[in-house]
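Open your viewer and keep the selection tool ready. We will go stop by stop, picking residues and looking at what is there.

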Amino acid sequence: MGGLGGLLSRAAAEEMRKSDKQVLFLWLDGGISQLESWDPKPNTTFGGPFRSIPTSVPGIHFSELMPKLAKQMNRMCVVRSLCTKDNAHSSGVERIQRGDPKTRGVPYPYFGSAVAKLLGPGESKLPPYVWIKPGNGGFRPEDGGFLGPKFGSLAFGDGKPPENLLRNPALTAEEDDERNELRARLNERYAAHRAPEYTEANSYVFDTARELMKRADIFDTSKLPEREVQRYGSHDLGRHLLIARNMLEAGVRFVKVTSYGWDTHGDNFNAHASMMPKLDQSFSAILEDLAASGQLDRTLVIAMSEFGRTPRVNGHAGRDHWPEAWSLAMAGCGIRKGVVVGDTNEQGTWVKSDGYDIGSLFHTWYSALGIDSVATEYDNHGQPLPIAHEDMKPIKEALA
Amino acid sequence: MSLVTISAGAADSLPEQIDRLVAAKAGSQPLAPAAADAEFLRRATLDFAGDLPTPAEVRTFLADAAADKRIKLIDKLIDSPRFPERLADVLHVMLMERRGEDAKWRAYLVDSCKANKPWDVMAREILCTDYLDANQRGASYFATRRLDKEGQQLTDYPGLTRDVGRMFLGVDLQCCQCHNHLTVKGYKQADFNGLFVAFQNAKLEKAAGDHATSWLSEGALTAKYDFVSVLTSVKGQTGPRVPFGEEVPIPDLKGDDMWLVKPDRKKNEPGKPKFSPLQEVTQRMATKDNPWFVRNIANRMWWLVMGRGLVEPLDLNHAANPPSHPELLDLLGNELVAHNFDLKWLIHELALTQTYQRSSELPSGATRPPDDLFAIGRERPLSAEQLARAFLRATGEWERVSDNKKADAQDDTKRYALSDFEAAFRTAFASAPKEPELTVNPTLKSALFLRNSEQVLWAIRPRGENLVGRLTALTDNAQAAEELYLAILARLPAADEKADIAAWLEKHAADRPRAIGDCAWALLSSAEFFSNH
Amino acid sequence: MNPLKPLHVAATDRQMVCARFSPDGAVLAGGAIDGTVRRWKVEEKKLEPMPPLNGHHGWVTAVAFHPKEPWMFTADSWGQFRAQTFAEDEPKTQWKLEAAHDGWLRQIAITADGQHLATCGRDQAVRVWTPDGKSVAEHLHSEDVFAITFSPDGQQVVFGDQHGHLHAWDFTANKITKSFEAPVLFKTDRIQDIAGLRVLAFFDGGKLLLAAGTTPDKGATIQSTPTLLAFDFASGELKHKFTHGAVKDGFIEDLAVHPDGYVMAVTSGDPGNGKLLLIRLGEADAFDSATQLPNCQAIALHPDGRRFAIASTNRDSNGNGRRTDKEGAYPANTSPVNLFELPAKG
C-alpha cells in the first residue's frame, strides 16, 4: 500500500491531490470554556462574572474577553451545539481528533493525517502535516493510525525544527547542495537497475529534507520580524500562530497549532481573563492576515478543544469537563460566513437544537475541502473504511 | 490445515528441493542470474554477520578462483561468533518492535543464540518464563514490557495477546477480540479470547526479592471467559485455548486447593496457582505438533533470508491468504521439526539456495516479476543495528568508536562511544515502536540525519587512519575512487563512477580532505548503501 | 479546634464570594454569583435570612460598610458600584454607578473614619470616592488590580496587581510613595499569567502590610500553596513569609485581623479542600485550624471579636459531565454560611 494505494478510487484520489486547499487547525488543549468565549450567558446562574459584547454580526455576542475576534465574527461560523460522548482527556482528545467514527478495530488517523493522505503534500513538497506546539517536537508517527507512520505529524516543539533539520553549521549551502547532487548522480546507476519504489522513496525524502532545510526561515523564531511578533503577541500562542501563518504561506497542507493549559478546573475565571486576550490577539491576527492575502478562501480554519466546561462552578472557582453542550469556531474555505449553528438553552446547560457529534464536523470539514465525505473510502489492506462516521453527514448550515 | 509430508527417500539436498519448488512456480518467468561476487559477499556478510566486508575481504573474495568459494563463505559466516549476535538482533527487533531496550533480555537472546537453543524451547521460555532461573528470566521482557502501564491507559492485555498470536503463530487476531473476523473466515472470537483469558489472568509484578526482573504472577482461574460479538450479539465462552486448537479444561479446584503457594496479601505475595493457564497454553502452543507454530517460524526465517515471506503479511496466515508456495512452506516446516527447531541450521540451508543468491538487478526496461515468485533478489531493509555497524566499518571508525568506553566531547578522537552511534542510528532509522520493520523505509528523519547530524559529519572528517584520512593521503585519484567504493559499497567502481569521483576530486583539489569526505558522504547516503540488495 | 462546631449553618442556593458584618454586628451581608446581595439578621447563635438585594449583575464581588452611617457599599463584576441602606427588609439605594469600573470590580476598601472609599478592578484602575459616590481620584495602573486597602491614616491606598507588585498611592498628592515586590505571588505557566494575590490588609496599627493569596505552581487546573506575606510598611522589608500545606491547598481567599494580634485566614484549594487557619506572624505553622469546611471563600469577623462567619462551598461541588439531581435538574453549587464562636481562652 504505497503511493496512491490506500484509497478505493484511484481516479478520485488523483483528482484530490491536485487540490490547493489547506487547513489551519488550532487545538486549545484541555477544554476552553464556551461560557467564557463563544457562547456567553451573562448574568445567569452559571454565566460567570463576565459580560458579553456584540460582534460584527447583529444578534451574536461573544464573551467580553474576546473583543478582536468579535470583530471577525462576520468571517466565522461558530457551532454552539456540539454534543459529544467523551468527558475524559486521554480518550477524548484522541476521539475528537480521529473523528470518533464507528468502531472498526483499527485506529483511525488524526484529521491532519487524513488530510495529508487524501490531499497529499501539494506543490510545495514540504511535509504535508506539520504540528507546532510547546515542548518537544519530532516525528510523530502515531497520528497516522491505520494509514501508517508515514502520515504522522512533523512536530516543531516551541516552533523549533526537529533534530537535524537545520543545515549543520559546518556546511555552507553551496557545499550541501553540491554534495547532494553528487549523491543523486552516483545513485542513478544503482536506481537504473532496480525497482523504482525504494529509490523513489529515497529521493522523495531527500527532496523533502532539502525543501524543509531551504525554508528553515519559516520556522526560525529568531527571524520573525519584531513588529509581527508584537502584533500576534510575544507569547507561545502568538509566536506559534505566526509560524503557522508562514508555513501556510509556504504551502504546507495541514498546520496544527496546539495551545496547552485550558483545563481550568480551578480559578477558571482569572485563568480565562489571562488567556483569552492572548487567543483573541493571535487568532484574530492570523485570520486578518489570511484574509488580506486572499489565502483564507482556500484555507479551512478550525479552533476547538476536546470538550467544553461545566456550567456549574466548582468549589475551586473552576469549571469541569462538559461534552454535553459546547462550541467550536471555523472560518475559511467552504465555510459559511457570519453564522452560528445551533444554540444552547438560556442557562447554557444543554443544546436546544440538534446536537452534533464530532463525526458531523468531520463530514463538514471534508465537504468544505471539496472531498466527498460519504463516497470517499479508505482501502485498509482490503478493508474499506469510511473517512467519517457513516451514520452522520455534513452540517449544511455551516457550509457556504 | 495439516502439514503435507514430503515423500521419504528424497535424495536432493534441501537447498536443491527449495530451488526446484521455486522454479516450478515461476514457470516461464525467467529467473535472474546469480548476483555478482561483490554483491553476494556484501549481502551474506550483512545477513549473517550483520556487518560490511572490509576492502581486503572484498579483494580476496573477488580474486578467489575456487568454485565452492560461496559455500565456504556461507559456512564461515554462519559459524562465526558474529552470527549468534546478529540472530539475536533480528529476534529482538522482530519480537519487541522497538518497544525498548533491556540488558537482560538482550543477554538472554544472545546466550540462547550462542547455545543454538531450539526455537520451540525459546518460545516456551519467552511465553512462560521461569523467573527464578537466572538463565531464563531475561525472556520475561517480551510480556512484561507489553504490560507496562502507559499513563492512564488500561493494562494492554489485548495487545499482548495479539502479539503472541502474530509472532509465534503468524496470525493477527486483533479484530477477533470483539467479533469473528470480518474477512478472515478462520479467525474466530474464541481463538483470540482463549489466548486472552490466559494472559488476562496474569498480573505484572515489580522486580523484588528473588525476582531480579519484572515478572507475571497468575491468579487462580476458575471460570471460563464470557464474550459477546458486538456485531451479531451472539454469546460465547471459552477457557484457555490455543488458537485453532482444543480448549484446556479448567480443573474444578476450590479454596486453598487452588494454590501451590497461597497468596499472602499482607506480605504482598501473589502466590502460585496449581493450574497455570500460561503454562498449559504455552506447552500446547509452542510445539512441533502445532502446525501454526511451525509454519510461522519457517515463514519468518524464509522472510529473513529472502526478504519476503511465503505468507505475506507475516502475521496473516489463513485459508484465504495461503502461502505463495504451500509445498515449500510445508517442506521447510517438516525439515525444521526434523532438525529440532535448529534456526541456525535452517538459515544455513536457505543461504545455500540459488534463490538466495539471485541478483536483485533488473535489466533496464524490464518489468519487475511478481514478488511472490522469488525470481529476482529483493532489496531488503537494514536494521539500525546493521547500519550503525556498517557505517562505522565503512568510514574506518569502527575500532576507535567501539574501543572508546567513555565519550569525551572535548577530545575529537574520543568524542563518541559505540552506544552513542547505536542510539543515534536507532533514533534515525528504526521504525516507531510497535511497528514491524519489514521493508526498506527511507524517512525524512533518516534523510535529515544523514545530511546534518554531527555523528555523520564527524565520521567523514579525516582522523588518523580512518577512511577519509587514508584517502586524503593518496595522490592517485583512481586509486582513491577504488578504495572509496570498496570500503563503502563493498565493490569496485565502474569506469564512469571512477571518472565521476576523479572529476570531483580534481575540481575540489584545493580542499582535498573535504572533497574526499563529500565523496564518502555521497556514497554513504546512497540508496545502495542503505539497503541489503 | 478541629473540627470547630458551628453555632449555626445558614444554607444558600448560590455560591458566595464575599461576606462582612455591619459595624453594629446586627447584619451579615455577602455577595453571591447571581448578582444578589444576601443578608442575614445576626442573632446570638443564629443567622436569620433577610430578603436578598437585586439590581447587580454578574457576581457581587465586594461588600463594605460605613463605620458610622447606616450605609452598605456593594460592587459587582460588571463594574457597578452602589450605596444603600442595609438594615431594613427593603433598603433604599443611595446612589448607583453602573460603570464605576469597566468590567470586573474586585474589591472595595473604606477608611477607618469613613471619609473615603477605594475600588479596583480588571480595567487596571484604582479609584477613590467619597461616600456620596463622587469620584475624587483615579490611578491608572498597567495591569489588572487584584486587591486594595487603605493605610490606617486613610491617606494612602495600597493596591496590588497581577504580578505581585504592591504600591502605596497617596491619592491626594497623586503620587506612588512606595512599592513592594511579592514575586512569589505570581507565575506564568504556558500562556496563563497566574495572579496569586487576593487580600491586602494592615496589621499592628499599620506597621505591617499583609499580602495574602497563593504561591502558584501550575496553571490550568491550578496548583498553588496558600501564602501570607508581611512587609514592614516603612522599610519595605519582607518580615514574614507564611505558607501552609501543599499545592492542593490553594489560595488564602480572605482574612480577618483579630484584635488579639493574630490573623484569621480561610483557604480554598482543590474541590473539597478548605481551611481556617489562625496565624501568629513569625510562626511557621498556624497555631490553630479547622479543616472541615470545603472551599472557604470569605471570612467575616464580628465586631464582638468572638464570633465569626465563613462562607464555604457545598461538598461534591465538582465533577465532569452530566450530574443531575434526583429530579433530573442540573443544580448549582451553594455556599453554606457557618457562624462560629472562637473557643474561650482557657
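Which residue of β3(C) stands opposite C:F21? Select C:F21 and look across: the residue there is C:L28. Remember as you go that this is a predicted model.

**Stop 1: a sheet in chain C**

Select residues 27-32 of chain C. This is strand β3. Now add β2, residues 16-21 of chain C. β2(C) and β3(C) run antiparallel and are joined over five bridges.

Widen the view to the whole sheet. It is open and has four strands. Their order is β2-β3-β4-β5 in chain C, and the pairing is antiparallel. Which strands form the edges? They are β2 and β5 of chain C, and β5 covers residues 46-53. Each edge strand has a pairing partner on one side only. Rotate the sheet slowly. Ignoring direction, neighbouring strands are turned by 25° against each other on average.

**Stop 2: two domains of chain B**

Move to chain B and colour it by domain. Domain 1 takes residues 14-80 + 291-373, so give both stretches one colour, following the domain assignment. Domain 2 is 102-285, and domain 3 is 380-532.

Show domains 1 and 2 of chain B alone. Their centres, taken over C-alpha atoms, are 33 Å apart. Where they meet, 15 residues of domain 1 are in contact with 16 residues of domain 2. The two domains bury about 1500 Å² between them, and carbon and sulfur atoms account for 59% of it. Select B:W292, B:F293 and B:D315 on the domain 1 side. These lose the most area to domain 2, together 42% of what that side buries.

Keep B:D315 selected and add B:R166. What joins these two residues? They form a salt bridge, with the closest N and O atoms 2.7 Å apart. One salt bridge is found across this interface. Eight residue pairs are also in polar contact there, both residues being at pLDDT 80 or more.

Next, highlight α12 (291-306) and α14 (343-351) of chain B. Each gives two or more residues to the side of domain 1 that touches domain 2. α12(B) gives the most, with five residues.

**Stop 3: chain B against chain A**

Bring chain A into view beside chain B. The contact involves 49 residues of chain B and 43 residues of chain A. About 4200 Å² is buried between the two chains, 59% of it on carbon and sulfur atoms. Pick out B:L444, B:R451 and B:N452. In chain B, these lose the most area to chain A, together 18% of what that side buries.

How many salt bridges cross this interface? There are seven. For one of them, select A:R185 and B:D500: their side chains meet at 3.9 Å, N to O. Polar contacts between chain B and chain A number 17 residue pairs, both residues at pLDDT 80 or more.

Several helices of chain B give two or more residues to this side, among them α23 (495-507) and α19 (444-452). Select α19(B): it gives the most, with eight residues.

**Stop 4: chain C against chain A**

Hide chain B and show chain C with chain A. Here 44 residues of chain C are in contact with 45 residues of chain A. The buried area is about 3800 Å², and carbon and sulfur atoms give 53% of it.

Select A:D267 and C:R198 to finish. They form a salt bridge, the closest N and O atoms being 3.3 Å apart. The count between these two chains is three salt bridges. It is 23 residue pairs for polar contacts, both residues at pLDDT 80 or more.

Definitions and conventions
Residues are numbered from 1 along each chain as its sequence is written. Chains are lettered from A and ligands numbered from 1 in the order in which they are written. This is a predicted model: local features need pLDDT of at least 70, side-chain atom pairs count only at pLDDT 80 or more; totals for chains, interfaces and linings use all residues. Side-chain values use heavy atoms; hydrogens and water are left out. Two strands pair if DSSP finds at least two bridges between them. Axes are lines fitted to C-alpha atoms, for helices over the stretch in contact, and angles run from 0 to 180 degrees between N-to-C directions. Contact means heavy atoms within 4.5 Å. Buried area is the accessible area (1.4 Å probe) that two parts lose on being put together, summed over both. A salt bridge is a side-chain nitrogen of Lys or Arg within 4 Å of a carboxyl oxygen of Asp or Glu. A polar contact is a pair of N or O atoms within 3.5 Å; within protein, one must be able to donate a hydrogen and the other to accept it, and residues adjacent in sequence count only if both atoms are side-chain atoms.
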